[in-house]
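Please consider the structure shown below. The account that follows takes up its pockets and then one of the helices that line them.

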Amino acid sequence: LANFEKAQKLDPKHLQSLYNIGIIYAEDLKQPDKALKTWTHYLELDSTSPAAQQVKRMIGQVKATPRKSDTK
């Protein structure tokens with residue numbers, strides 16, 4: 001995560017690091033809100049490429065996954 005965040009500081013439009021930060025938040029750190037924020041920013045920079053279509057699918061998956069706060 002630190003390396004991808006460093007890449008973002010060097011180049012805020014670096015799409016691959018945004019993509020990867022989102023995956024780390026969603027899958028490894030179990031922080032879906034941060035993943036959604038990161039991927040939303042990704043889509044602000046690129047909304048039409050094949051990678052953007054994948055980001056949209058991942059956003060849908062994260063939104064469809066019940067969260068601990070939803071199951072109380």
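**Pockets and the helix α4**

The largest pocket of this predicted model encloses about 350 Å³ of space. Its lining is made up of 13 residues, and those closest to its centre are Ala 26, Lys 30, Pro 32, Val 62 and Thr 65. Three elements, α2, α3 and α4, each give two or more residues to this lining. Among the contributors α4 gives the most, with three residues. By chemical class, the lining of the largest pocket divides into six nonpolar, four charged and three polar residues.

Two of the residues closest to the centre of this pocket, Thr 65 and Pro 32, show how the chain comes together there. They are separated by 33 residues in sequence, while their C-alpha atoms lie 9.2 Å apart in space. Thr 65 belongs to the segment after α4. With a relative accessible area of 45%, Thr 65 is partly exposed.

The helix that gives the most to the largest pocket, α4, merits a description of its own. It covers residues 50–64, 15 residues in number, and spans 21 Å from its first C-alpha to its last, close to the 21 Å expected at 1.5 Å a residue. Which residues of α4 are buried? They are Ala 52, Val 55, Met 58, Ile 59 and Val 62. Viewed down the axis of α4, these buried residues fall within an arc of 115 degrees, and they therefore line one face of the helix. The general geometry is familiar: an α-helix has 3.6 residues a turn, so residues three or four places apart point the same way. The buried residues of α4 pack against two other helices, α2 (15–28) and α3 (32–45). On the face turned away from the buried side, α4 carries the exposed residues Pro 50, Gln 61 and Ala 64. Val 62 thus has a place in two parts of this account: Val 62 is one of the buried residues of α4, and Val 62 is also among the residues closest to the centre of the largest pocket.

The second largest pocket has a volume of about 170 Å³. Its lining consists of Glu 5, Gln 8, Leu 18, Ile 21, Tyr 25, Lys 34, Lys 37, Thr 38 and His 41. The elements that give two or more residues to this lining are α1 (2–10), α2 and α3. Here the largest share, four residues, comes from α3. The lining of the second largest pocket divides into three nonpolar, three polar and three charged residues.

How values were computed
Residues numbered from 1 in each chain as written. Predicted model: local features only at pLDDT ≥ 70, side-chain atom pairs only at ≥ 80, totals over all residues. Heavy atoms only, no water. Expected span 1.5 Å × (residues − 1). Buried < 20%, exposed > 50% of the residue type's maximum accessible area, 1.4 Å probe, protein only. Arc of directions from axis to C-beta. Contact = heavy atoms within 4.5 Å. 1 Å grid on protein atoms, 1.4 Å probe; cavity = no way out; pocket = protein on both sides within 12 Å on 5 of 7 lines; lining within 4 Å. Points joined across faces, edges and corners; volume = space filled by probe spheres on them. Nonpolar A, V, L, I, M, F, W, Y, C, P; charged D, E, K, R; others polar.
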